Amino acid sequence: MIELISRWLAAVCKHDVNQVLSLYYSDAVLLGTFAEDIKQGQELIGYFRKFLSKTSLCGQIDTCIMQQTASGPVLSGTYTFWWLGQMGPEEERARFTFVFVEVGDDFLILNHHSSVVPRPVDESDPTKALARR
């Protein structure tokens, strides 16, 4: 079932908003990697227009674990995105969970949570160690 996320990532790398959105259930919920709030249904359009506008955005799946539920698979893991920012190449690791629901002969994304993987704190720097507490 990794092909379900591979299909999503291929659409992201093509910067094809419509193709990405076609992989989501009409009332899907998204907690996007770079979103400040929850998105649902038609709100996904604006998020993906902004996200896919990053120059040369693409990514790879680093890890993935699948669990099967009665309504469809749940895939959790990590992926890495990269793009060309204003100051040069940028990269961000994120963790994800995709909940899929079976619709006809296909599976669509019902819920998608993605968040940046926190960077380790340098405990030898007292200012950073204090900020962590």
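Start by selecting lysine 39, which sits in strand S2, the stretch covering residues 39–40. Keep in mind as you click around that this is a predicted model.

Now show the side chains of lysine 39 and aspartate 37: a polar contact of 2.9 Å links the two. Next, bring up what else touches this lysine. Setting aside neighbours within four places in sequence, lysine 39 has contacts with Ala28, Val29 and Leu30, and also with Leu44 and Tyr47.

Where does serine 56 lie relative to lysine 39? Select both and draw a line from C-alpha to C-alpha: it spans 24 Å, for a pair 17 residues apart in sequence.

Time to zoom out. Switch to cartoon and colour by secondary structure; you'll be looking at four helices and six strands in the protein chain. Trace the chain along its sequence and you'll pass them in the pattern α-α-β-β-α-β-β-β-β-α. For a sense of scale, the C-alpha atoms fill a box of roughly 55 × 35 × 25 Å along the principal axes.

Try the contacts next. Among those in the protein chain with a separation of 6 or more, 45% are between residues 24 or more positions apart.

Then turn on the surface. The protein chain exposes about 8000 Å², with carbon and sulfur atoms supplying 53% of that. As for what's hidden, 38% of the 133 residues count as buried.

Last stop: colour by charge. The protein chain carries 12 positive and 16 negative charges, and the mean positions of the two sets are 6 Å apart.

Note on methods: Residues are numbered from 1 along each chain as its sequence is written. This is a predicted model: local features need pLDDT of at least 70, side-chain atom pairs count only at pLDDT 80 or more; totals for chains, interfaces and linings use all residues. Side-chain values use heavy atoms; hydrogens and water are left out. Helices (H or I, at least four residues) and strands (E, at least two) are DSSP runs, numbered from the N terminus. Buried means under 20% relative accessible area, exposed over 50%, partly exposed in between (1.4 Å probe, protein chains only). Contact means heavy atoms within 4.5 Å. Accessible areas come from the Shrake-Rupley method with a 1.4 Å probe; for residues, only the protein chains shown count as cover. Lys and Arg count as positive and Asp and Glu as negative; His and the chain ends are not counted. The place of a charge is taken as NZ of Lys, CZ of Arg, CG of Asp or CD of Glu. A polar contact is a pair of N or O atoms within 3.5 Å; within protein, one must be able to donate a hydrogen and the other to accept it, and residues adjacent in sequence count only if both atoms are side-chain atoms.
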